[in-house]
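Student: I would like a close look at one part of this protein, starting from a single side chain and working outward into its surroundings. Could you take me through it carefully, in one connected account?

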Amino acid sequence: VPLLISGLLASGFQRFHFLSDSVSLYIPMSCRANDDRAAIQSLFPDNDTSFVRGASSGPISYVDLNLVPNSGGSVLKEDLWREAKLLVQAVEQVKVKVHGLEMGWADLCAKFEGKCVSNSFLDLLDTEGGLTGLRYPVQVNEEGGLVPLAAHLGGVTLVQGKVVEAKALKISFFLRGEAEST
């Protein structure tokens with residue numbers, strides 16, 4: 001009898017649906033914020049071919065890897081940045097099979113001007129000044145472009161606007177949105 005009752009009660013789990021979307025979990029479905037979000041997304045749809053971090057009106061898919069030295073020292077060391085570049089290359093070489101179709105990073109990444117959004121800030125290592133004299137929160141690279149170091153360095157110590165120490169290094173991998181992946 002206990003086994004029969006347990007089996008009968010466990011059958012309810014067959015119709016149990018798990019939700020992982022924080023919007024549907026924590027915001028009431030009938031609240032005005034959902035209507036406002038839908039209106040904004042219809043007026044300003046996300047364009048995954050011109051991805052800009054922070055410009056999305058909806059949730060984005062990404063992975064952040066925070067690198068902290070075992071020694072607890074600064075991340076402004078050449079060997080750590082070279083290792084970070086190798087890690088980025090390794091992630092970009094991963095291939096997965098989905099329904100018999102092999103997909104790589106170039107198939108899954110969010111793009112800007114036809115190229116995957118990259119961790120190009122790591123190229124500062126190979127510039128003339130290297131990791132010395134980095135300006136915070138924004139560094140100007142050799143081509144005149146702006147590199148937002150505030151998005152990549154944590155626990156920063158500054159002396160006259162220049163980074164002398166940073167405790168963490170963040171590398172990010174942004175994935176295409178649902179609209180483009182269908």
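Tutor: Lys-85 is a good place to begin, since its relative accessible area is 18% and it therefore counts as buried, the limit for that class being under 20%. Please keep in mind throughout that this is a predicted model. Lys-85 belongs to helix H4, and, when residues up to four places away in sequence are set aside, Lys-85 touches Leu-122, Asp-123 and Asp-126.

One of those contacts, Leu-122, leads directly into the nonpolar interior, for Leu-122 is among the residues that touch the most other members of the largest nonpolar core, a set of 23 residues. Trp-81, Phe-121, Leu-134, Leu-153, Leu-169 and Ile-171 share that description with Leu-122. Two elements, helix H4 (78-93) and strand E11 (168-174), each give two or more residues to this core, and the largest share, four residues, comes from H4.

Within the core, Leu-153 shows how separate stretches of the chain meet: leaving out neighbours within four places in sequence, Leu-153 is in contact with Val-75, Trp-81, Tyr-136, Val-163, Ala-166, Ala-168 and Leu-169.

Trp-81 also takes part in an aromatic pair, and the whole structure holds three such pairs. The partner of Trp-81 is Phe-121, in an edge-to-face arrangement with 5.7 Å between the ring centres and 75° between the planes. This pair joins distant parts of the chain, because Trp-81 lies in helix H4 while Phe-121 lies in the loop between strand E5 (115-116) and strand E6 (138-140), 40 residues apart. Both rings are shielded: Trp-81 has a relative accessible area of 0% and is buried, and Phe-121, at 3%, is counted as buried too.

Another of the aromatic pairs, formed by Trp-105 and Phe-173, is likewise edge-to-face, with 5.7 Å from centre to centre and 90° between the planes. Here the link runs from Trp-105 in helix H5 (residues 105-108) to Phe-173 in strand E11, positions 68 residues apart, and both Trp-105 and Phe-173 are buried.

For contrast, it is worth turning from the interior to the surface, where Val-1, Ile-5 and Leu-9 make a nonpolar patch of about 350 Å². Val-1 sits in the segment before helix H1 (2-10), and its relative accessibility of 77% is why Val-1 counts as exposed, whereas Lys-85, although it carries a lysine side chain, counts as buried at 18%.

Terms used. Residues numbered from 1 in each chain as written. Predicted model: local features only at pLDDT ≥ 70, side-chain atom pairs only at ≥ 80, totals over all residues. Heavy atoms only, no water. Patch = residues over 30% accessible without salt bridge, like charges linked within 9 Å, V, L, I, M, F, W, Y side chains within 5 Å. Areas by Shrake-Rupley, 256 points an atom, 1.4 Å probe, with all protein chains shown as cover. Salt bridge = Lys/Arg side-chain N within 4 Å of Asp/Glu carboxyl O. Buried < 20%, exposed > 50% of the residue type's maximum accessible area, 1.4 Å probe, protein only. Core = buried A, V, L, I, M, F, W, Y, C linked by side-chain atoms within 4.5 Å. Contact = heavy atoms within 4.5 Å. Phe/Tyr/Trp six-rings, centres within 6.5 Å; stacked < 30°, edge-to-face > 60°.
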